[in-house]
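Hi,

Here is the structure I said I would pass on. Have a look at it first, and my notes follow underneath.

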Amino acid sequence: MGSEKSDCVSSSHIVLAAFPLCDLTEEDLIQNPQLCKLLATLSQHVDPTGLTVPLKTQLDKAEQKLKTQKQRWLRAESLHRSLQEMIQDHHIRRQRATLPPDQNMLYETVEQCLLVAQSVRQLDPSGSTSQEQPSVLGLSPQQVMELMPSEKNVQRMKQSLPRELEKHLKKKCFSLLSYYEPQWENESEGLKNIKLSHLSGQMDSEKKKAESLKEICRENTVLLQRQTQLYLSELTKCIQLLQSLILDHRLKIQTDLDRKKLEYFEGKCELVLQKIRTEMAEIQLDTYTADTISAHRKIRDMLESELKACQLEKQSVEVKLASFEILGKEFEALAEEYCRLRREIDMKKWALKEFTQHTDK
């Protein structure tokens, strides 16, 4: 069992290297050993892109053939576009200044040859088929070829055109050099020619460097995707483990939490009850104090009324004493009565004073 697992681990490295575009991880291959074995066997017959060896050979040949055809087409297309640019430049110069007749004749001949060649291509777009093509406006390629310039002008064009084309291409190369390295713009033509001889190699090396960086970026992208998937998988496991730990911890401390909550609520209820008792005592004290003050007021009012009655009685006795002072024994009886009333008044004053002081306190 251990040897099979080690074989699967070693095979997984081979599979991941042979199929970099597959969205697989080493753990997937270890968990599925049969799939790992199948891919390891398949890696001996296909390339990293999934193509078989014979199909890859045919594809390389087809790509080489396509590359050759593309180079030929690009050569002809670049020559055609360069001639078109030369003709446009000639028209612009002719609008600004008077040009020599032979130069006008050269560009007119070139323009006429290009138009005829383009018309012939439109009349016969496919040179690789033997089937008859429908004619345009009833014209045939031979009829259009009759519009070619004279043979003399064509020969002159062939002699002068390479020099003009070389001047035009050199001008474009100097413009490219000035764009690529602006510090060479004011250098001499000889130094520019030397720099141009190395420019293609320099641009080719930079192109290869850019392609290499692009390939590295693609590989880093694939590696980043794998690492992201692995990271997310590990993160999911960590979250599950953390959730289980949290659940176990909550179950263990739930009893303590419940006990502390119970103590908290008991203390809170006790405080509330104590506060209610205090408020009820204050209410009862306020009620008792109000009733006591009311009773004291009633007693004080009663004592004051009795004091006033005694004072009136005193005044009455004093009047009698003044009127009956001349009477002997009868006066003594009145004097005793006066003393008695005097003592009662003093007693009531003292009681009223004590009661008033007690009420104020």
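Glu77 is partly exposed, with a relative accessible area of 22%. Its side chain meets that of Arg81 in a salt bridge, 2.9 Å from N to O. Arg81 is exposed, at a relative accessible area of 52%. Both Arg81 and Glu77 sit in helix H4, four residues apart, which is about one turn of the helix. Bear in mind while you look around that this is a predicted model.

H4 covers residues 53-96, and it holds another pair with that spacing: Asp60 and Lys56 also lie four residues apart there, about one turn of the helix. These two form a salt bridge as well, with the closest N and O atoms 3.8 Å apart. Asp60 is partly exposed at 35% relative accessible area, and Lys56 is partly exposed at 30%. The count for the model comes to six salt bridges.

One of the salt bridges reaches across to another helix. The side chains of Lys172 and Glu85 meet at 3.3 Å, N to O. Lys172 belongs to helix H7 and Glu85 to helix H4, so this pair ties together parts that are 87 residues apart in sequence. As for accessibility, Lys172 is partly exposed with a relative accessible area of 40%, and Glu85 counts as partly exposed at 30%.

That brings us to how those two helices sit against each other. H4 and H7 pack at an angle of about 90°, and their axes are 11 Å apart. That makes H4 roughly perpendicular to H7. On the H4 side the contact is made by Leu79, Ser82, Leu83, Glu85, Met86 and Asp89, which meet Leu161, Glu164, Leu165, His168, Leu169 and Lys172 in H7. Sorted by character, the residues of this contact come to six nonpolar, two polar and four charged. You'll notice that the salt-bridge partners Glu85 and Lys172 are both in that list.

His168 is worth clicking on while you are there. Where does His168 lie? Its place is in helix H7. Is His168 buried or exposed? At 10% relative accessibility, under the 20% cut-off, it counts as buried. Leaving out residues up to four places away in sequence, His168 touches Ser82, Glu85, Met86 and Asp89. Those four residues also appear on the H4 side of the contact between H4 and H7.

H7, which spans residues 151-180, has a second packing partner in helix H5, residues 101-123. Here the angle is about 105° and the axes are 9 Å apart. H5 and H7 are therefore roughly perpendicular to each other. From H5, the residues Met105, Leu106, Tyr107, Thr109, Val110 and Cys113 meet Asn153, Val154, Met157, Ser160, Leu161 and Glu164 in H7. This contact divides into eight nonpolar, three polar and one charged. Leu161 and Glu164 of H7 take part here, and they are also among the H7 residues that meet H4.

What about the cysteines? Cys113, from the contact between H5 and H7, counts as buried at 14% relative accessibility. Cys173, on the other hand, is partly exposed, with a relative accessible area of 34%. How many disulfides does the count come to? It comes to zero.

Over towards the N terminus, Ser11 is found in helix H1, residues 2-18. Ser11 counts as partly exposed, at 22% relative accessibility. Ser11 and Pro33 are 22 residues apart in sequence, and the distance between them in space is 9.2 Å, C-alpha to C-alpha.

Finally, the overall picture. The secondary structure of the protein chain comes to nine helices and zero strands, so from the N terminus on you simply read α-α-α-α-α-α-α-α-α. The chain has 361 residues, and buried residues make up 17% of them. If you take the contacts between residues at least 6 apart in sequence, 53% of them join residues at least 24 apart.

If you want a place to begin, try His168, which counts as buried at 10% relative accessibility, and then follow its contacts to Ser82, Glu85, Met86 and Asp89.

Cheers

Methods
Residues numbered from 1 in each chain as written. Predicted model: local features only at pLDDT ≥ 70, side-chain atom pairs only at ≥ 80, totals over all residues. Heavy atoms only, no water. Axes fitted to C-alpha atoms, helices over the stretch in contact; angles between N-to-C directions. Parallel < 35°, antiparallel > 145°, perpendicular 65-115°, else oblique. Contact = heavy atoms within 4.5 Å. Nonpolar A, V, L, I, M, F, W, Y, C, P; charged D, E, K, R; others polar. Disulfide = S-S within 2.5 Å. Buried < 20%, exposed > 50% of the residue type's maximum accessible area, 1.4 Å probe, protein only. Salt bridge = Lys/Arg side-chain N within 4 Å of Asp/Glu carboxyl O.
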